[in-house]
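User: Hello! I am new to this structure and would like to get to know it step by step. Could you walk me through it?

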Amino acid sequence: MGTPVLSPEWMKSYAELWNTTDATREGLKELSMVVEYRLAENESRAGQIEVNAGEVVRAGTPAKGVKPDFLLTAKVETWQRLGAGELPAAKAMVTRKVKFRGSMSVALANLPGLEAAMKMFGQIDDTDWSVD
């Protein structure tokens with residue numbers, strides 16, 4: 001049995017991958033933000049990262065009282081397609097496959113980093129995609 005997607009353990013692996021990937025770590029070094037990801041099938045399944053100058057400094061369950069700068073909600077199938085590189089992040093947001101809350105202009109201005117962050121969903125070994 002794998003690690004459930006967006007669980008605290010999965011989010012720690014995601015943070016480690018983020019911090020060792022140039023496209024996110026260096027590509028988003030101008031940004032400090034809180035990003036929250038959710039599953040549309042079960043919005044209580046959520047993970048949050050806090051990014052400071054491109055580096056993830058906190059990852060896990062959403063922190064109480066911390067409002068995300070960016071909130072992305074999608075079905076498991078969409079996260080899988082983003083992770084496989086089958087669905088570009090910009091297209092997913094424009095077609096509302098990913099429900100996006102936050103500054104669209106900031107997201108689009110940092111599209112290469114956003115694309116890399118979405119592809120990481122497919123790079124965490126042994127992900128359990130089931131929704132409970």
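Analyst: Gladly! A salt bridge here is a side-chain nitrogen of Lys or Arg within 4 Å of a carboxyl oxygen of Asp or Glu. Please keep in mind that this is a predicted model.

User: With that in mind, how many salt bridges does the structure hold?

Analyst: Side chains of opposite charge can pair when their charged atoms come close. Counting pairs that meet the 4 Å cut-off, the structure's number of salt bridges is six.

User: Which residue forms a salt bridge with arginine 25?

Analyst: Arginine 25 lies in helix α2 (residues 22-25) and its partner in strand β4 (residues 55-60), so the pair ties together parts that are 30 residues apart in sequence. The closest N and O atoms of the two are 3.5 Å apart, which fits within the 4 Å limit. The partner is glutamate 55.

User: Are arginine 25 and glutamate 55 buried, partly exposed or exposed?

Analyst: Buried means under 20% relative accessible area and exposed means over 50%, with partly exposed in between. Arginine 25 has 25% relative accessibility, and glutamate 55 has 32%. Because those values fall between the two cut-offs, arginine 25 and glutamate 55 both count as partly exposed.

User: Which residues are joined into one network by salt bridges that share partners?

Analyst: Glutamate 36 forms a salt bridge with arginine 38, where the closest N and O atoms are 2.9 Å apart. Arginine 38 also forms a salt bridge with glutamate 43, with 3.4 Å between the closest N and O atoms. The shared partner links them, and the network consists of Glu36, Arg38 and Glu43.

User: Is glutamate 36 buried or exposed?

Analyst: For comparison, arginine 38 has 21% relative accessibility and counts as partly exposed, as does glutamate 43 with its 42%. Glutamate 36 has 5% relative accessibility. That is under the 20% cut-off, so glutamate 36 is buried.

User: What is the nearest side chain of opposite charge to aspartate 128, and how far away is it?

Analyst: Aspartate 128 sits in strand β7 (residues 127-128) and is buried, yet has no salt bridge. Beyond its neighbours within four places in sequence, aspartate 128 is in contact with Met1, Gly2, Thr3, Pro4 and Val5. A salt bridge would need a nitrogen and an oxygen within 4 Å. The nearest side chain of opposite charge is arginine 45, at 6.4 Å.

User: Which residues form a positive surface patch?

Analyst: One of its members, lysine 97, is in the loop between α4 (89-94) and β6 (98-101). Lysine 97 has 42% relative accessibility and counts as partly exposed, and that value passes the over 30% needed for a patch. The positive patch is formed by Lys75, Lys91, Arg96, Lys97 and Lys99.

User: Which residues does threonine 78 touch, not counting those up to four places away in sequence?

Analyst: Threonine 78 is in helix α3 (residues 76-84). It is buried, with a relative accessible area of 8%. Its contacts include a residue of the positive patch, Lys97. The full set is Leu87, Lys97 and Val98.

User: How far apart in space are leucine 71 and glutamate 55?

Analyst: Leucine 71 is in strand β5 (residues 70-74) and is buried, at 5% relative accessible area. Not counting residues up to four places away in sequence, leucine 71 touches Glu36, Arg38, Lys99, Phe100 and Arg101. Leucine 71 and glutamate 55 are 16 residues apart in sequence, and their C-alpha to C-alpha separation is 18 Å.

User: What is the phi of leucine 6?

Analyst: Most residues other than glycine have a negative phi. Leucine 6, in the loop between β1 (3-4) and α1 (8-19), is buried with a relative accessible area of 1%. Its phi is positive, near 70°.

User: And what about the phi of alanine 53?

Analyst: Alanine 53 is in the loop between β3 (42-52) and β4, where it counts as partly exposed at 38% relative accessibility. Although alanine 53 is not a glycine, its phi is positive, at about 50°.

User: Finally, what distance separates the C-alpha atoms of aspartate 69 and threonine 20?

Analyst: Aspartate 69 lies in the loop between β4 and β5 and is partly exposed, with a relative accessible area of 41%. Its contacts beyond four places in sequence are Met33, Val34, Arg101, Gly102 and Ser103. Aspartate 69 and threonine 20 are 49 residues apart along the chain, and their C-alpha atoms are separated by 22 Å.

Methods. Residues are numbered from 1 along each chain as its sequence is written. This is a predicted model: local features need pLDDT of at least 70, side-chain atom pairs count only at pLDDT 80 or more; totals for chains, interfaces and linings use all residues. Side-chain values use heavy atoms; hydrogens and water are left out. Helices (H or I, at least four residues) and strands (E, at least two) are DSSP runs, numbered from the N terminus. Buried means under 20% relative accessible area, exposed over 50%, partly exposed in between (1.4 Å probe, protein chains only). Lys and Arg count as positive and Asp and Glu as negative; His and the chain ends are not counted. Contact means heavy atoms within 4.5 Å. Patches are made of residues with over 30% relative accessible area and no salt bridge: like charges are joined within 9 Å, nonpolar side chains (Val, Leu, Ile, Met, Phe, Trp, Tyr) within 5 Å. Accessible areas come from the Shrake-Rupley method with a 1.4 Å probe; for residues, only the protein chains shown count as cover. The place of a charge is taken as NZ of Lys, CZ of Arg, CG of Asp or CD of Glu.
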